[in-house]
Amino acid sequence: MSKQLLLGDEAIAQAALDAGLSGVYAYPGTPSTEITEYIQAAPITEERGIHSRWCANEKTAMEAALGMSFVGKRALVCMKHVGMNVAADCFVNSGITGVKGGLIVVAADDPSMHSSQNEQDSRFYGDFTLIPMYEPSNQQEAYDMVYDGFEFSERMGEPVLMRMVTRLAHSRSGVERKAQKAQNELSFSDDPRQFILLPGNARKRYKELLVRQEEFIKASENSPYNKYIDGPNRKLGIVACGIGYNYLMENYPDGCEYPVLKIGQYPLPKRQLLQLVESCEEILVLEDGQPFVEKQLKGYLGIGVKVKGRLDGTLPQDGELTPDSVARAVGKENVSKFQVPAVVEMRPPALCEGCGHRDVYTTLTQVLKEEYPSHKVFSDIGCYTLGANAPFHAINSCVDMGASITMAKGAADGGLHPSVAVIGDSTFTHSGMTGLLDCVNENTNVTIVISDNETTAMTGGQDSAGTGRLEAICAGIGVDPAHIRVVVPLKKNYEEIKRVIREEIEYKGVSVIIPRRECIQTLARKKRKNK
């Protein structure tokens, strides 16, 4: 087949299409977004009727994908690492239900928090769920793992977690494609109770999952993605996980002097691991993210073998793994051949000029700071989080998707007034609606601003699940329609907007203000397309 220059995300997407994918389920989140966008744009998606619409959140995506697996079809789930927290309810239980059609869950981790709230490592989720995992070291491996992974998932009868990191997801390399497969036919499990997790059946299936752990270890020992590479200097043995292997090889272009165990599939391969331990005086673990393997080795090997890595300070405990940090860990000095010129000074991210969120914060802060000095504003995940920065300094919290409304509720329950929440339209339908229901059920004295730019702007302008329906959703949840106020965030409307804000703050109950104006980036793209 042809060789293509692909992002790591695109390699995953192309592999899924070539492997007979029937549906991709996802909520946009950096650095995973391009997987679904690539599938949406591929001609084969429309030709074969492959599902590719965005989901309301990662939980609904995971559940829908499990439903597609239930009928024997192959499904892909994509999310960023914090999305795993949202999907965890179904994801963890899917290890016990198992699968019928192949199911691959892609978690794109973000070490160094380039666009995230934390650095969590999704490998802990796979280990917790007791299922096999992949971690590619390059784009070709990402393609191969997904292409063969659906069949592996069906053979094992379990979902497979595939862990990516930002640098691999967003860098390009040549990828050799394989032959396109047909989609699976509709089929069902031989066990009619496989997906019924009543306690009696769940206990039985969990015991079976535990028994199969040795089978998963054997699969890792025989995997082409786990490889023991001998070296003459036995003072140190290196375990290189995923992209860590690439960084190691950058420092040893002619081959590493130390024995290396390359890890691309989990659970850890015991046979190769013992071979490395028995041959070497010390072990160094190279992994991008948290000390997942390092912790396992310390517990697995016991006393007598020194394991070095992030926990003992050989590598930094936070931030990305880099070729330079790897060089220092193996005692080499990695001198860059190229100097990056200081042409542009660093500057913090800011809301686009002309963005409706700017008008929201301008009016909101004027009212609150001048008239309500005891106010607090609880914000959420989206472009509007930048309201924390100059010139607005408008928000007091940003924790996780949907937390603005529920934190505002808790603060109001504690006696705060005014307690204001600012949330975006996509984040509201992702995980803000249930918080609003709590507010309605208790008639909490909160003012909720749903800043509606009619898209999922922060990740590039994907569809927003609530576009055109926010008022109906709020009314359906139980908000008094008289206190669902829609305004247009423009300078000419500032006085009207401020009046609405004052009125709703003074109302003793749940009120929702919806400033609505299309994102200027998506609007500009539409205009260019029309031209």
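This briefing walks through a sheet, the salt bridges and some of the empty spaces in the structure above. Keep in mind that the model is predicted. The quick version: there is an open sheet of 5 strands, a set of 33 salt bridges, and 4 cavities of 30 Å³ or more. The second largest pocket gets its own section, with about 290 Å³ of space in it.

**The five-stranded sheet**

- Reading across this open sheet, the strand order is 8-10-9-12-13, and the pairing is mixed.
- Strand 8 (227-229) and strand 13 (306-308) sit at the edges with a single partner strand each, so one side of each has no neighbour in the sheet.
- On average, neighbouring strands here are turned by 20 degrees against each other, if you ignore direction.
- Strand 9 (residues 236-241) runs parallel to strand 12, and 5 bridges join the two.
- On its way to the edge, the sheet continues from strand 12 (residues 282-286) to strand 13, a parallel pairing over 3 bridges.
- Leucine 284 of strand 12 is a handy residue to click on: isoleucine 238 stands opposite it, and lysine 308 in strand 13 is its bridge partner.
- Glutamate 282 also has a bridge partner in strand 13, namely lysine 306.
- How much of strand 12 is covered? Mostly, since 4 of its 5 residues are buried by the under-20% cut-off on relative accessible area.

**Salt bridges**

- As general background, side chains of opposite charge can pair when their charged atoms come close.
- Across the structure the count of salt bridges comes to 33.
- One of them joins the side chains of arginine 123 and aspartate 121, at 2.7 Å from N to O.
- Both partners are out of sight: arginine 123 is buried at a relative accessible area of 0%, and aspartate 121 is buried at 3%.
- That pair doesn't stand alone, as Asp121 and Arg123 belong to a network of salt bridges with Asp109, Glu135, Arg163 and Glu287.
- Glutamate 320 and arginine 167 also meet through their side chains, at 2.8 Å from N to O.
- Glutamate 320 is in the loop between strand 13 and helix 14 (323-329), while arginine 167 is in helix 8 (residues 166-169), so this salt bridge ties together parts that are 153 residues apart in sequence.
- Glutamate 320 is buried, at 14% relative accessible area, whereas arginine 167 counts as partly exposed at 42%.
- Then there's glutamate 353 with arginine 358, where the closest N and O atoms are 3.4 Å apart.
- This one is also mixed in accessibility: glutamate 353 is exposed at 62%, but arginine 358 is buried at 18%.

**The second largest pocket**

- This pocket holds about 290 Å³ of space.
- Its lining takes in 18 residues, and the ones nearest the centre are Asp127, Ile217, Pro267, Leu268 and Gln296.
- Which elements give two or more residues to that lining? They are helix 6 (123-129), helix 10 (213-221), helix 12 (270-279) and helix 13 (292-301).
- Helix 13 contributes the most, with 4 residues.
- By class, you're looking at 12 nonpolar, 3 polar and 3 charged residues around the pocket.

**Enclosed cavities**

- For context, rolling a probe the size of a water molecule over the atoms shows where empty space is left.
- The whole-structure search turns up 4 cavities of 30 Å³ or more.
- The largest cavity has about 60 Å³ of space.
- Among the residues that line the largest cavity are Asp359, Val360, Thr363, Leu364, Pro489 and Pro515.
- Helix 15 (356-371), helix 19 (494-506) and strand 18 (510-515) each put at least two residues into the lining of the largest cavity, with helix 15 giving the largest share at 4.
- The lining of the largest cavity splits into 9 nonpolar, 1 polar and 1 charged residues.
- The second largest cavity comes in at about 50 Å³.
- Its lining includes Cys355, His357, Val360, Asp452, Pro489, Pro515, Arg516 and Cys519.
- Val360, Pro489 and Pro515 therefore turn up in the linings of both the largest and the second largest cavity, given that a lining residue has an atom within 4 Å of a cavity point.
- Helix 15 again supplies the largest share for the second largest cavity, this time 3 residues.
- The residue classes around the second largest cavity are 5 nonpolar, 4 polar and 3 charged.

Notes. Residues numbered from 1 in each chain as written. Predicted model: local features only at pLDDT ≥ 70, side-chain atom pairs only at ≥ 80, totals over all residues. Heavy atoms only, no water. 1 Å grid on protein atoms, 1.4 Å probe; cavity = no way out; pocket = protein on both sides within 12 Å on 5 of 7 lines; lining within 4 Å. Points joined across faces, edges and corners; volume = space filled by probe spheres on them. Nonpolar A, V, L, I, M, F, W, Y, C, P; charged D, E, K, R; others polar. Pairing = 2+ DSSP bridges. Axes fitted to C-alpha atoms, helices over the stretch in contact; angles between N-to-C directions. Salt bridge = Lys/Arg side-chain N within 4 Å of Asp/Glu carboxyl O. Buried < 20%, exposed > 50% of the residue type's maximum accessible area, 1.4 Å probe, protein only.
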